[in-house]
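Subject: Handing over the structure

Hi there,

Here is the structure I promised to pass on to you. Have a look at it first, and then read on for my notes.

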Amino acid sequence: MWSACRLAVGGLRPLSAAVTAARRYAAGPSYQYILVDKKGDHQNVGMIQLNRPKALNALCDGLITELIQAAESFEKDPDIGAIVITGSEKAFAAGADIKEMENKTFQECYGGNFLSNWDKIASIKKPIIAAVNGFALGGGCELAMMCDIIYAGEKAQFGQPEILLGTIPGGGGTQRLTKAVGKSLAMEMILTGDRISAQEAKQAGLVSKIYPADKLVEEAIHCGEKIAKNSQLIVTMAKEAVNGAFELSLAEGNKLEKKLFYSTFATEDRKEGMKAFSEKRAANFKNQ
């Protein structure tokens, strides 16, 4: 399965020393399809850049495996408070790797639980910000929606064009897009394969902010830094509570929120936060 992925990047020129260094922050693993680094003034934002430029960052199996590995590594890193996932200015990710998919059978897909590993991105506890420039189509749009916040470049395009290939979204597109933009727009996009612009995506609630393409990643990192200043423990609780709104009824969601709210009173960071507020100083959170 990985052979097509390797062939797609075989013609790339050698990477510079700076790019090579970015791939292995803190002497970590070497990656073939992504660039990994720490960003921010305090190096507390994990950066993952999809790096299959000749294939418009098509999400081959090797890339997804590396993306999950890098995200889980940042999850375990106590210095990282938020993660940014981005692509290039031309494409965040133009979709799944069709060459890997076209000869698959029903038995292979169903028996092998095809694409099920993609859900590991959505299960990361630390906040993930998608910085989307250019195309976010098919699996690329699904990947962006697995993130917690989506920032878009001015020329970004979102779509689920699987219907044009004789199939449907398989990485959560029919579910997450509907919850994000509502039934009517989701149906139109999925049944026609039509794309929407960054401006339309923001109006529909899919995107939170739009920036010029050359400022997008910088702004996403800045958002990550603001999140990382807070208690990682409390941030995780807040993320769980918001995500509960997509899975639970209003009554059950409110119960979850209350339980998590009460739980903050068992933490040292809640005590520090309120004490700092009373003393009119910045809080010094310890993630405890």
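Below is what I found, going from the sheets to the helices and then to the salt bridges. Please keep in mind that this is a predicted model.

**The six-stranded sheet**

A good place to begin is the open sheet of six strands, whose order is β1-β2-β3-β5-β7-β10 and whose pairing is mixed. Strands β1 and β10 (209-211) form the edges; each has a single partner strand, so one side of each is left without a neighbour in the sheet. From one strand to the next, the twist averages 20°.

If you zoom in on β7 and β10, you will see that they run parallel and are joined by three bridges. One pair to look for there is Y151 with its bridge partner K209 in β10.

**The four-stranded sheet**

There is also an open sheet of four strands, again with mixed pairing, in the order β4-β6-β8-β9. Its edge strands are β4 (91-93) and β9 (195-197), each of which pairs on one side only. Here the twist averages 20° from one strand to the next.

Inside this sheet, β6 (residues 135-137) and β8 (residues 157-159) run parallel, with three bridges between them. F135 has Q157 of β8 as its bridge partner. Helix α7 (residues 139-146) lies across β4, β6 and β8, and runs at about 90° to β6.

**A buried alanine beside β8**

While you are in that region, take a look at A156, which sits in the loop between β7 and β8. Is A156 buried or exposed? Its relative accessible area is 2%, so A156 counts as buried. Leaving aside residues up to four places away in sequence, A156 touches V132, N133 and G134, and also I196, S197 and A198. For a sense of distance, the C-alpha atoms of A156 and Q43 are separated by 27 Å, and the two residues are 113 apart along the chain.

**Two helices side by side**

Next, turn to helix α12 (residues 232-247) and helix α13 (residues 250-264): their axes come within 9 Å and cross at roughly 170°. Because of that angle, α12 is roughly antiparallel to α13. On the α12 side, the contact is made by I234, M237, E240, A241 and G244, while α13 contributes L256, L260, S263 and T264. Sorted by character, the residues of this contact are five nonpolar, three polar and one charged.

**Salt bridges**

How many salt bridges does a search of the whole structure find? The search finds eight. Let me walk you through some of them.

Let's start with D77 and K38, whose side chains meet in a salt bridge at 3.0 Å, N to O. D77 lies in the loop between α3 (61-76) and β3 (82-86), whereas K38 belongs to strand β1 (residues 34-39), so the pair ties together parts that are 39 residues apart in sequence. D77 counts as buried at 10% relative accessibility, and K38 counts as buried at 16%.

D97 and R52 form another salt bridge, with their closest N and O atoms 3.1 Å apart. Since D97 is in the loop between β4 and α4 (98-101) and R52 is in the loop between β2 (45-50) and α3, this pair ties together parts that are 45 residues apart in sequence. Both D97 and R52 are buried.

Then there is D148 with K239, a salt bridge in which the closest N and O atoms are 2.8 Å apart. This pair links distant parts of the chain, 91 residues apart: D148 is in the loop between α7 and β7 (149-153), and K239 is in helix α12. D148 is partly exposed, with a relative accessible area of 30%, whereas K239 is buried, with a relative accessible area of 13%.

Finally, E272, E279 and R281 are joined into one network by salt bridges that share partners.

I hope these notes help you find your way around. Do write back with any questions.

Best wishes

Definitions and conventions. Residues are numbered from 1 along each chain as its sequence is written. This is a predicted model: local features need pLDDT of at least 70, side-chain atom pairs count only at pLDDT 80 or more; totals for chains, interfaces and linings use all residues. Side-chain values use heavy atoms; hydrogens and water are left out. Axes are lines fitted to C-alpha atoms, for helices over the stretch in contact, and angles run from 0 to 180 degrees between N-to-C directions. Angles under 35 degrees count as roughly parallel, over 145 as roughly antiparallel, 65 to 115 as roughly perpendicular and the rest as oblique. Contact means heavy atoms within 4.5 Å. Ala, Val, Leu, Ile, Met, Phe, Trp, Tyr, Cys and Pro count as nonpolar, Asp, Glu, Lys and Arg as charged, and the others, Gly among them, as polar. Two strands pair if DSSP finds at least two bridges between them. A salt bridge is a side-chain nitrogen of Lys or Arg within 4 Å of a carboxyl oxygen of Asp or Glu. Buried means under 20% relative accessible area, exposed over 50%, partly exposed in between (1.4 Å probe, protein chains only).
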